[in-house]
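Hi everyone, thanks for making time this morning. Let's put the structure up on the screen and walk through a few parts of it together.

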Amino acid sequence: MSHIVLVLVELGAVFLGLGVLSALAGRFGISPIPLYLLAGLGFGVGGVFGFADVDEFIEVGAEIGVVLLLFMLGLEYTTKELFGTLKTGAPIGLLDIVLNATPGIAVALLLGWGPIAALVMGGVTLVTSSGVTAKVLGDLGWMGNRETPTVLSVLVMEDLVMAVYLPIMTTLLAGLALAQASIGLAVAALAVTAALVIAAKFGGVVERFVASPSNEILVLKVLGLILLIAGLAEQVHVSAAVGAFLVGITLSGEVAQAAHKTLDPLKDIFAALFFVYFGLQTNPADLPPVLGIAAALAVVGAGTKLITGLVAARRAGIGKIGTWRTGVLLMSRGEFSIVIAGLAVSAPALAGTPGVAQLGPLVAAYVLILVIVGPLAARMVEPMARRYIKKQRAARDQEREETVPA
């Protein structure tokens, strides 16, 4: 078969398979994310069959998927709401860093990988997957919930921390002096500040530019703007996801509604590719030797994110069920963790470090566990919380009856 025929056949198989898996997940009332990941494991590196002719398309499609997920999340909020949550969320951001970076740092030091690898693992265990969280929020219809702005504030805080962390980490891994990261760090900070100012002061200008009675023109303008800003953000070491999110918050009213309606199907397609691509890059044969450490780290990581979410939600005055939803929504790790590990795997600064070759498989196993557990926990948390609250009320009622004099 010719190359173009192979590409069409492989892409057709991928999309058809994803459709079947999504339908299967819907039938059992679960998120399709774990099934997408398992499919990627089965057909990627070391799997039963490889998609050699469409690897590049899936890789690019995966990045577009994350960008569109965060753009859609940005459409739900205004710049005023964003600045409000960032202002009130600073203490939670600090708590998040301390609680969630510490386990990764501790594991690396215990394994004898040294301080640079420890900083790498701290970043890996810190960052919640914005892509997975946005997907779960959409799948479960929680976008408009009261706890969602709290979840969002934590995600934005982490992405802004990454804007500082990545330039420094890249420089350290390259074996260069820390001072040489200062220019990249300054550019990243300037880019984020400029984007926030544009979103706050000139959102109306952006809206007028993209507004159109034609869905075709609207989609082309909005998608082009999203990808352009996301690419420029990535170039200055700010997450492409942050760039897409900021584009989303600049749009409001009818323009935002139209953009959401027209781009939503496109978002679903490319988001599915993101989860498949993650599985495709993981060789199942590399996972068993590090599975025990990864599982223990995942248990701790799920617990520390749960604590972060519970504290953040209670500070925001959110009810019990919303508080638990906040905690489980933060559990998943994903794209950032893999990016950080990818930087470290072949880094000159870690060359020759005993045992550090396990870093990549360890991170892959850790992320796979949490990216499966997170969506499943989100699906289960509400009914479990309601049953728990019901039991508590019944116990209190029984206690009152027993204390009432006959």
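So, who is tucked away in α7? The buried residues there are Ser130, Gly131, Val132, Thr133, Ala134, Lys135, Val136, Leu137 and Leu140. That is nine of the 11 residues in a helix that runs from 130 to 140, so I'd call α7 mostly covered, where buried means under 20% relative accessible area. Please keep in mind that what you see is a predicted model.

Let's look at the two ends of α7. At the start, Ser129 has a side-chain oxygen within 3.1 Å of the backbone nitrogen of Val132. Just after the helix comes Gly141, with a positive phi of about 70 degrees.

Now pick out one residue inside α7, namely Thr133. Is Thr133 buried or exposed? With a relative accessible area of 1%, Thr133 is buried. And what is Thr133 in contact with, once we leave aside its neighbours within four places in sequence? The contacts are Thr128, Val151, Leu155 and Leu329.

Let's move on to α3, residues 55-75. Here's a little sanity check for the helix fans: at 1.5 Å a residue, its 21 residues should span 30 Å, and the end C-alpha atoms are indeed 30 Å apart, which agrees. Like many of you, I also wanted to know about its cover: 15 of the 21 residues of α3 are buried, so this helix is mostly covered too, again taking under 20% as the cut-off.

Next, the charged pairs. How many salt bridges does the structure hold? There are seven. One of them brings together the side chains of Glu147 and Arg325, at 2.6 Å from N to O. This pair links distant parts of the chain: Glu147 sits in the loop between α7 and α8, while Arg325 belongs to helix α15, and their positions lie 178 residues apart in the numbering. Glu147 counts as buried because its relative accessibility is 1%. Arg325, at 11%, counts as buried as well.

Arg325 turns up again, by the way. Its side chain also meets that of Glu382 in a salt bridge, at 3.1 Å from N to O. Glu382 lies in helix α17, residues 359-403, and Arg325 in α15, so this pair ties together parts that are 57 residues apart in sequence. Elsewhere, salt bridges that share partners join Asp96, Glu158 and Lys305 into one network.

For a contrast, have a look at Lys267 and Asp268. Their side chains form a salt bridge at 3.1 Å, N to O. Lys267 is buried, because its relative accessible area is 11%, whereas Asp268, at 33%, is partly exposed.

Last stop, the surface. Which residues form a nonpolar patch there? They are Ile4, Val5, Leu8 and Val9, and together they have about 360 Å² of accessible area. Val5 is part of helix α1, which covers residues 3-28. At 33% relative accessibility, Val5 counts as partly exposed. As a reminder, an α-helix has 3.6 residues a turn, so residues three or four places apart point the same way.

That's my tour, so over to you for questions.

Note on methods. Residues numbered from 1 in each chain as written. Predicted model: local features only at pLDDT ≥ 70, side-chain atom pairs only at ≥ 80, totals over all residues. Heavy atoms only, no water. Buried < 20%, exposed > 50% of the residue type's maximum accessible area, 1.4 Å probe, protein only. Helix = DSSP H or I, 4+ residues; strand = E, 2+ residues; numbered from the N terminus. Polar contact = N/O pair within 3.5 Å; in protein donor to acceptor, adjacent residues only side chain to side chain. Expected span 1.5 Å × (residues − 1). Salt bridge = Lys/Arg side-chain N within 4 Å of Asp/Glu carboxyl O. Patch = residues over 30% accessible without salt bridge, like charges linked within 9 Å, V, L, I, M, F, W, Y side chains within 5 Å. Areas by Shrake-Rupley, 256 points an atom, 1.4 Å probe, with all protein chains shown as cover. Contact = heavy atoms within 4.5 Å.
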